[in-house]
Amino acid sequence: MSDYLVKVSGIVKKYGGHEVLKKVSFDLKPGEVHCIVGENGAGKSTLIKIISGAVHPDSGEIFIMGRKVRNLNPRLAIELGISTVYQDTEVVDTLSVAENIFLGSEVPSPIPIVVNRRYQNEQAKAILKSLGISIDPDIPVGELPLVYKQVVQIAKALFRQSKIIIFDEPTASLGLEETKALMEIIRSLKKRGMGIIYISHYLKEIFEIGDRVTVLKDGEYMGTYKVSEVDTEFLVRKMVGREVHLFYKRERVPIGEKLFEVKGLSKKELVENVSFEVRKGEIFGIGGLAGSGRTELVSLIFGILKPDAGEIYIEGRRYVPKTPIHAIRNGICMVPEDRKRMAMFLGRDIVENSVVIINELLKVAFLRKKEEMNMTRRLINELDIVTSGFSQLIEHLSGGNQQKVVMGRWLLDENAKVFIFDEPTKGVDVGARERIYQVMIELAKQGKAIIMVSSDMPELLSMSDRIGVMRKGKMVEILDNKDLSEEKLLRSFIGV
Amino acid sequence: MEGREKVVIEKSKRPFYSTQWFFLLVAEASLAIITGSINPRFFTLNNMVNILDQISVLGILASGMTLIILTGEIDISIGTNLGLVACVSAMLIKSEVPTFWIVMVALGLAVLNSMLVGISTIAFKAPSFIVSLGFLSVFRGTAFAITKGVFQTIYGKFETLGLTRLWGWFPLSFLIGLVIYIIVDFLLRFTRLGRHIYAVGSNSLAAFYSGISIAKTKLLVFFINGLLIGLASMILLSKIGAAQPTTGSGMELKAIGAVVIGGTALTGGRGNILGTFLGVLLMGIISNSLNMLRINPYFQEVVFGIFIIIALGVSVFSAYFKKG
Ligand SMILES: Nc1ncnc2c1ncn2[C@@H]1O[C@H](COP(=O)(O)OP(=O)(O)OP(=O)(O)O)[C@@H](O)[C@H]1O
Ligand SMILES: [Mg+2]
């Protein structure tokens, strides 16, 4: 028996001529949480895809529980006890919780071909209970909040008796409470002697649950450290190569007159009687727990959902939301929260993904390819997008760079007045996050009104001028961002 | 920002030998060489021109089908749509209606039929496969009803479109087909509608969030598809000089096959017209080779099917290979 669950060394991976991993080493012991940090595009996801067999390295050795494995593939990895909770959670929305857990290894019932649902449901319930979660295993996963998609994947790993669970940015789409719950679950997995590989851009989480941390920078292995022996500054310097302040000290922007106003906006069972206003140059944060109606609220403004009641005014003129294109023409921009589902055109290159909005606005019948390239180049430089070229498909960008592209497409619209950002820095690294904040400040300086929905407390606190707190579909409080603390804010979220 | 190397800004191209069209070209060339070495008549100008002539109708249909599939839909009624239009046109020709009106009716009817499929698909939020399956019967049934099953011959009339040879040898119908490929290629690559087609097929929710109208895009595509079916129908009628309700049936499968062999994803959002062109060409070469090699006619369909499956396999495999 070896001490290591996983040990890889000298891993090299190339895409085209681009070396995304350059002789990287990594190992994992039982009962530890080994974190991987690095900027967007550093190669974190690629490394864990190699460990989980989804990607083949060009060279390097992989040992799993002391055994050298040559041709690792996803199936073999699972058999060897490696489970992955991917960045973009992969569960089947229409199947029930139990069905998802048992997917691929259904338990037969006495009647041939028929699945033993009762048994599966009972088992699922037991596994979930061991994680301290009580949900009905019979409901379709699609109807549950996001965190349960991860829970389902964890339960699946437990059911397979995995020794190793890999998490790729599990908290990127989670709210506060959910993140806390997940941390709890990970601790309990650790106690069972499992090895956890954990990727996150939230360094706080790493200090909370990590034992060791490996830093990657541009595919280069920068070193592995005991979490107890390093601090945030050290990690950030290793990752980014320069100083970055975790708590972004934003520049103040003079705030002008009222630009955007919502009065009594309601939608049955989702949003109730919400009123607020945003002034020129103001960043209006919207906080609250997951499921408090934040995304629904901005969907109403953007014309995705139809409001039952309420009025919206832009520069004093009445605006009745109809469809997204109507909203866009009225100067409203929205970067939606779930980029894969709502924003990315898979199979299309970054140029097409960048210019989609501006083309709609200009109503060009014939494309101006040169212009499109120029605009894309501008975004690449402005947002520091790491890409191998114009024709790179968006799904081949790293997660954070995908986010920059789907955000950048809105920045080309210079006549926009209101910007809605729903979780703008989801999956974005610390350095790039500053970049996005700078972009938001720049927009504020131009006198735009900015609405920022965020589950990230430091983000809300450092960026917002005022914070509207959503609770159960209502905007219960609008707080001036003065002398606010995370605690105070959280108390308001929960309502105690 | 300092520190990070600036981006490589050039169109990085995949090496040519790993592209889909290269696989297809190799397949086509090898098949041609094999057939040609057994039967040298294969390489005569006459035979080459024949192949082009034979694939012009399929090419036009496959061009429309490419658009439909790119948006993530499918239309399996195009063959019977073509048959119905051919029957109606033949009957009009027989009753000496002026050519202008025949063309108008043919195009109009084909568009109407195709739009019916499109509108029903969108209105009922139903899979277009099932909707067009229903219309497939409706069109064929209508053709049977109006012709009462009688063969409609128009020998000697309406020959220009299908039988004209430019400079004495180049088929006009193939030239029309080429023009269609070029137009569709232009549409896909250089117009906003082309972008809409890819966007809707790639991720319709994201398209909606970006302000693109899904229904409008799909309806336009069904409209274009209708026009192309009308055109194809007239060319076919002109070539064979007769129509019956079963004219064109089976063409839908060949068209879908050509599109998929050409590398267009059935799920939509990926593919191009060059692939379709090569897919159609492959079908033409296979059919022609089977004749040249004097394969037993009863057996030809089987061999043809096997070739298609092989081509599909290679094509899918090369796509898989590409992903690495
Ligand atoms: N299939 C692919 N084809 C080409 N390049 C790829 C492919 N997959 C990843 N890359 C490139 O490899 C690099 C590393 O990507 P990876 O997804 O591992 O980054 P990451 O560290 O997980 O970043 P993030 O924090 O943004 O998720 C990126 O530059 C990306 O563009
Ligand atoms: Mg990643």
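**Salt bridges and a six-stranded sheet**

In this predicted model, Glu372(A) has a relative accessibility of 1% and therefore counts as buried, the cut-off being under 20%. Its side chain meets that of Arg195(B) in a salt bridge, with a distance of 2.9 Å from N to O. The pair crosses between chains, Glu372(A) being placed in helix α13 (residues 369-383) of chain A and Arg195(B) in helix α8 (residues 192-202) of chain B. Arg195(B), at 11% relative accessibility, is likewise counted as buried. Through shared partners, salt bridges bring Arg348(A), Glu352(A), Glu372(A) and Arg195(B) together in one network.

Over all chains, the search of the whole structure yields 33 salt bridges. One of them is formed by the side chains of Glu251(A) and Lys445(A), at 3.1 Å from N to O. Because Glu251(A) belongs to the loop between α8 (232-240) and β11 (258-267) of chain A, while Lys445(A) belongs to helix α15 (residues 430-445) of chain A, the pair ties together parts that are 194 residues apart in sequence. Glu251(A) is partly exposed, its relative accessible area being 41%, and Lys445(A), at 43% relative accessibility, also counts as partly exposed.

A salt bridge is also found between Arg252(A) and Asp465(A), whose closest N and O atoms are 3.1 Å apart. This pair links distant parts of the chain, 213 residues apart, with Arg252(A) in the loop between α8 and β11 of chain A and Asp465(A) in the loop between α16 (457-463) and β19 of chain A. Arg252(A) counts as exposed, at 53% relative accessibility, whereas Asp465(A) is buried, with a relative accessible area of 12%.

Strand β19 of chain A is part of an open sheet of six strands, arranged in the order β16-β17-β18-β13-β19-β20 (chain A) with mixed pairing. The edges are occupied by β16 (332-335) and β20 (474-480) of chain A, each of which has a single partner strand, so one side of each is left without a neighbour in the sheet. On average, and with direction ignored, neighbouring strands of this sheet are turned by 20° against each other.

Within the sheet, β19 (residues 466-471) of chain A is joined to β20(A) by six bridges, the two strands running antiparallel. In this pairing, Arg466(A) stands opposite Asp480(A) in β20(A). Helix α17 (residues 486-494) of chain A packs on the sheet, where it touches β13 (283-288), β19 and β20 of chain A, and the direction of the helix makes about 35° with that of β19(A).

Conventions:
Residues numbered from 1 in each chain as written. Chains lettered and ligands numbered in written order. Predicted model: local features only at pLDDT ≥ 70, side-chain atom pairs only at ≥ 80, totals over all residues. Heavy atoms only, no water. Pairing = 2+ DSSP bridges. Helix = DSSP H or I, 4+ residues; strand = E, 2+ residues; numbered from the N terminus. Axes fitted to C-alpha atoms, helices over the stretch in contact; angles between N-to-C directions. Contact = heavy atoms within 4.5 Å. Salt bridge = Lys/Arg side-chain N within 4 Å of Asp/Glu carboxyl O. Buried < 20%, exposed > 50% of the residue type's maximum accessible area, 1.4 Å probe, protein only.
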